[in-house]
Amino acid sequence: MRIRIVDAFTNRPFAGNPAGVLLLDAFPDDAWLQNVALEVNHAETAFAHPLPEGGEADWALRWFTPVAEVAMCGHATLATAHVLATTDATQGPVRFATRSGVLIATTNDDGSITLDFPTAPLTQVEVPAGLAEALGAEPLTAHDTGPNVGDLLVELADEKTVLGLTADHKALARHSERGFIATAVAEDPSQGHDFVSRCFFPRIGIDEDPVTGSAHTALAPYWSERLGRPDLTGLQASPRSGLVHTRIHGDRTLLTGRAVTVIDGELHT
């Protein structure tokens, strides 16, 4: 069967966040899906199959890291929508049935793709004991991001602190949260971004995720409230780096980015 590797939230190869994408006739058993994701060994591999016409969604979609299935993944959804659009498998908006409800991807006239995701509910919590040492910086605030995202969002002092983090991944993995979103306001918005972030998910096999769409469903409401604007651009400052354009629209967050197919081949199982 055909397998593609797509770099998401970037307009050039070898940047953004790579995802495996497989379009299937139906989902095989979970063990097979997990083994393929482990073989691909990217942050997520997306598996999708078409659904009968007339329903609430057009395609069923699931995402697996090398070690576990996840409830929501933005970059692998963007990658899947990119494959569907560039192979003419679909036309117009695509509705995906997922564990996080129906998610919609729309390909824009300029080739970018906008994802319609539920906005993460943010609840301020106490900073867990030992987190500052594990993360490598003292959080100013901490917020739970709800069941779909499942991470702890922590604001740090400034952009330089986020960029300079040297997290202890083993120590982070001992915390109960799925992962951690470290963020700060942009030092110079004229550089093309309003806030920065880095994301660490060692408990699910991803020490640092290159660009995390789902995290931006929490980052968008967090920074939109503080900056007083519904439209923002986030820079995820991983070594590969990527930009996510966000817009708050009621209880939904719109995430816009680009994607590039870098590998198109065959999977033999």
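Among contacts in the chain between residues at least 6 apart in sequence, what percentage join residues at least 24 apart? In this predicted model, the share is 62%.

**The chain as a whole**

The chain contains seven helices and 18 strands. Along the principal axes, its C-alpha atoms occupy a box of roughly 50 × 35 × 30 Å. For a chain of 269 residues, a compact globule would have a radius of gyration near 18 Å, and the value found here, 18 Å, agrees with that expectation. Of the 269 residues, 55% are buried. The accessible surface amounts to about 11,600 Å², and carbon and sulfur atoms account for 50% of that area.

**Helix α1 and its surroundings**

Helix α1 spans residues 30–40, and its buried residues are Trp-32, Leu-33, Gln-34, Val-36, Ala-37 and Val-40. A general property of helices helps in reading such a list. An α-helix has 3.6 residues a turn, so residues three or four places apart point the same way. Within α1, Leu-33, Val-36, Ala-37 and Val-40 are among the buried residues.

Against which strands do the buried residues of α1 pack? They pack against β1 (2–8), β2 (17–23), β3 (44–50), β4 (59–64) and β5 (69–70).

Both ends of this helix deserve attention. At the N-terminal end, Asp-29 acts as a cap, with a side-chain oxygen 3.1 Å from the backbone nitrogen of Ala-31. Just after α1, Asn-41 adopts a positive phi of about 60°.

**Strand β3 and its partners**

Helix α1 also belongs to a right-handed β-α-β unit, together with β2 and β3. Strands β2 and β3 pair in the parallel sense, over five bridges. Strand β3 is also joined to β4, by six bridges, and these two strands run antiparallel.

Residue Ala-48 illustrates both pairings. Ala-48 of β3 is the bridge partner of Leu-23, and Leu-61 in β4 is the bridge partner of Ala-48.

Is β3 mostly covered or mostly uncovered? Strand β3 is mostly covered, with six of its seven residues buried.

**Three individual residues**

The following residues are set side by side by place and relative accessible area.

| Residue | Place | Relative accessible area |
|---|---|---|
| Phe-9 | loop between β1 and β2 | 3%, buried |
| Asp-88 | loop between α2 (74–86) and β6 (94–98) | 62%, exposed |
| Lys-160 | helix α5 (residues 159–163) | 60%, exposed |

Why is Phe-9 classed as buried? Its relative accessible area is 3%, and buried means under 20%. By contrast, Asp-88 is classed as exposed because its relative accessible area is 62%, and exposed means over 50%. The class of Lys-160 follows in a similar way: Lys-160 is exposed, with a relative accessible area of 60%.

The backbone of two of these residues has a further feature. Phi of Phe-9 is near 60°, which is a positive value in a residue other than glycine. For Asp-88, phi is likewise near 60°, again positive in a residue other than glycine.

Finally, Lys-160 can be related to a residue elsewhere in the chain. Lys-160 and Ala-26 are 134 residues apart along the chain, and their C-alpha atoms are separated by 46 Å.

Key
Residues are numbered from 1 along each chain as its sequence is written. This is a predicted model: local features need pLDDT of at least 70, side-chain atom pairs count only at pLDDT 80 or more; totals for chains, interfaces and linings use all residues. Side-chain values use heavy atoms; hydrogens and water are left out. Buried means under 20% relative accessible area, exposed over 50%, partly exposed in between (1.4 Å probe, protein chains only). Helices (H or I, at least four residues) and strands (E, at least two) are DSSP runs, numbered from the N terminus. Contact means heavy atoms within 4.5 Å. A polar contact is a pair of N or O atoms within 3.5 Å; within protein, one must be able to donate a hydrogen and the other to accept it, and residues adjacent in sequence count only if both atoms are side-chain atoms. Two strands pair if DSSP finds at least two bridges between them. A crossover is right-handed if, with the strands pointing away from the viewer, the path from the first strand over the helix to the second runs clockwise. The radius of gyration is taken over C-alpha atoms; the globule rule is 2.2 Å times the number of residues to the power 0.38. Accessible areas come from the Shrake-Rupley method with a 1.4 Å probe; for residues, only the protein chains shown count as cover.
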